[in-house]
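Dear colleague,

Here is the structure I said I would hand over. Please have it open while you read the notes underneath.

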Amino acid sequence: MKVPAEKCAPVIDDYLPRSGDPGYRVSRYELDLEYRVAINRLSGTATITAVTLVELQQFTLDLSASLSVSKVSVNGQRVAQFSCRGGKLRIRLASKLAAGAAMAMVVRYGGAPQPIRSLWGDVGFEELTDGVLVAGQPNGAPSWFPCNDHPGDKAAFRIQVSTESRYRVVANGKLVARRTRASQTVWTYEQPEPTSTYLITLQIGVYEAVRLARTPVPIQAALPARLRGEFEHDFARQPEMMSLFVELFGPYPLGSGYTVVVTDDDLDIPLEAQGISIFGANHCDGSRAAERLIAHELAHQWFGNSVTVRRWRDIWLHEGFACYAEWLWSERSGGPDADELARLHHEQLRAKPQDLLLADPGPRHMFDDRVYTRGALTLHALRGRLGDANFFALLRDWATRHRHGAVVTDDFTGLAAGYSDQLRPLWEAWLYSTTVP
Ligand SMILES: [Zn+2]
């Protein structure tokens, strides 16, 4: 039986008005999946533990239209009324649940997963020449599992994927089990730290596993054997990068270490996931030209993955910080210092159209270069105002206080006010005006 679409569902984030459901919060997802690479066929169950925030009889999960649902149960009861339409799985319970009630949902589903078309191009599950990647930002997660897809609803994850044994499966968290039976291998990952759905990833490929030594945080890699030589050169300074960021931003936020995946295909841009960064073969060519990006993605583990925006309009809190981390790495590793890079980028930014509001760039400009550059310049201006000692103390304070949390811009400016009460004009100029200061 079909559930009628709600006329005007409440909006969590006006940049992605169709994503998420404010009626409940998820604490844990358990995905138990089988994937066949050759024919792109995914099937399995998602077990989702949640708590209702309001009295609830009808609610939604985000799930791509390329996947179909065969069975839903909630709190052990089979649900008769559910329907999939327009990227939403709508579920109607036989009776109401009170606010604060526990909700254990089991969704059996499957199909041929496809990327989701978005304002920002194709996102989510994507077939590679021989394997898979998931690039979830910002709304790609429902391309492969049902979820409450907004960054403020963080949960723990257990991801279990069975596939042909010739492939290596990388997902978020610690690899807790790997069992091979006949030609199939089951990989089980456990991600205990609260994680936004867009940062959950699945990487499948014919990859060799590499463990990097001499580092305070365990660093691993998965890459095609043919790129091993280039990788040893291009990614060699990751341990030093990790040490620098731990020194400047505070402890690495995850217990399971850090993994870099290099795909056998080229990728337009690298991307971050919880505990993982994904690069293309083109970023690993033996020239070390992508080192700036390696620093950028690593910095997202603090800014973006651990301290995550509640709404996408505040994305400068991810990209401005990660971009500034590139400059900090350059400064530490013998390249141009942050001041020099800031001057260069300031000049370039002034030559571009001055119609972007950093604190609310609009969905179309969320990933505009100017968000990155202007965000980093804002931090550089703040550093100049506070001095190095206070500036880095603020960054550590920010990363510690909001570790695994969800934030808005006011949280940052509010915290910074404790370091100086003279910052209003700086925020006005950099965050809340379009003219480049
Ligand atoms: Zn980034």
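The notes below cover aromatic pairs, a run of strands and one helix.

Please keep in mind that this is a predicted model.

Aromatic pairs

The structure holds 25 aromatic pairs. Two of them are described here, beginning with Tyr29 and Phe157. Their ring centres are 4.6 Å apart and the planes meet at 10°; planes under 30 degrees apart count as stacked, so this pair is stacked. Tyr29 belongs to strand β1 (residues 24-36) and Phe157 to strand β12 (residues 155-164), so the contact ties together parts that are 128 residues apart in sequence. Tyr29 and Phe157 are both buried.

The second pair is Phe321 with Phe412. Here the centres lie 5.3 Å apart, with the planes at 75°; because planes over 60 degrees apart count as edge-to-face, that is the class of this pair. Phe321 sits in helix α4 (residues 316-332) and Phe412 in helix α8 (residues 409-417), so the pair ties together parts that are 91 residues apart in sequence. Phe321 is buried, as is Phe412.

Phe321 and Phe412 also belong to one aromatic cluster, whose other members are Phe245, Phe249, Tyr252, Tyr258, Trp302, Phe303, Trp316, Trp398 and Trp427.

Helix α4

The helix that carries Phe321 can be described a little further. α4 has 17 residues, and the distance from its first C-alpha to its last is 23 Å, close to the 24 Å expected at 1.5 Å a residue. The helix is mostly covered, with 15 of its 17 residues buried. After α4 comes Gly334, which has a positive phi, near 90°.

Strands β9 to β11

Strand β9 (residues 116-118) and strand β10 (residues 121-128) run antiparallel and are joined by three bridges. Ile116 has Val123 in β10 as its bridge partner. The connection from β9 to β10 is a hairpin through two residues.

β10 also pairs with strand β11 (residues 131-135), again in the antiparallel sense, over five bridges. In this pairing Leu128 stands opposite Gly131 of β11. Two residues lie between β10 and β11, which form a hairpin. β10 is therefore the strand to start from when viewing this part, as its bridges run to β9 and to β11, with antiparallel pairing to β9 and to β11.

Regards

Note on methods:
Residues are numbered from 1 along each chain as its sequence is written. This is a predicted model: local features need pLDDT of at least 70, side-chain atom pairs count only at pLDDT 80 or more; totals for chains, interfaces and linings use all residues. Side-chain values use heavy atoms; hydrogens and water are left out. Rings of Phe, Tyr and Trp (its six-membered ring) pair if their centres lie within 6.5 Å; planes under 30 degrees apart count as stacked, over 60 as edge-to-face and the rest as tilted. Helices (H or I, at least four residues) and strands (E, at least two) are DSSP runs, numbered from the N terminus. Buried means under 20% relative accessible area, exposed over 50%, partly exposed in between (1.4 Å probe, protein chains only). The expected span of a helix is 1.5 Å times one less than its number of residues.
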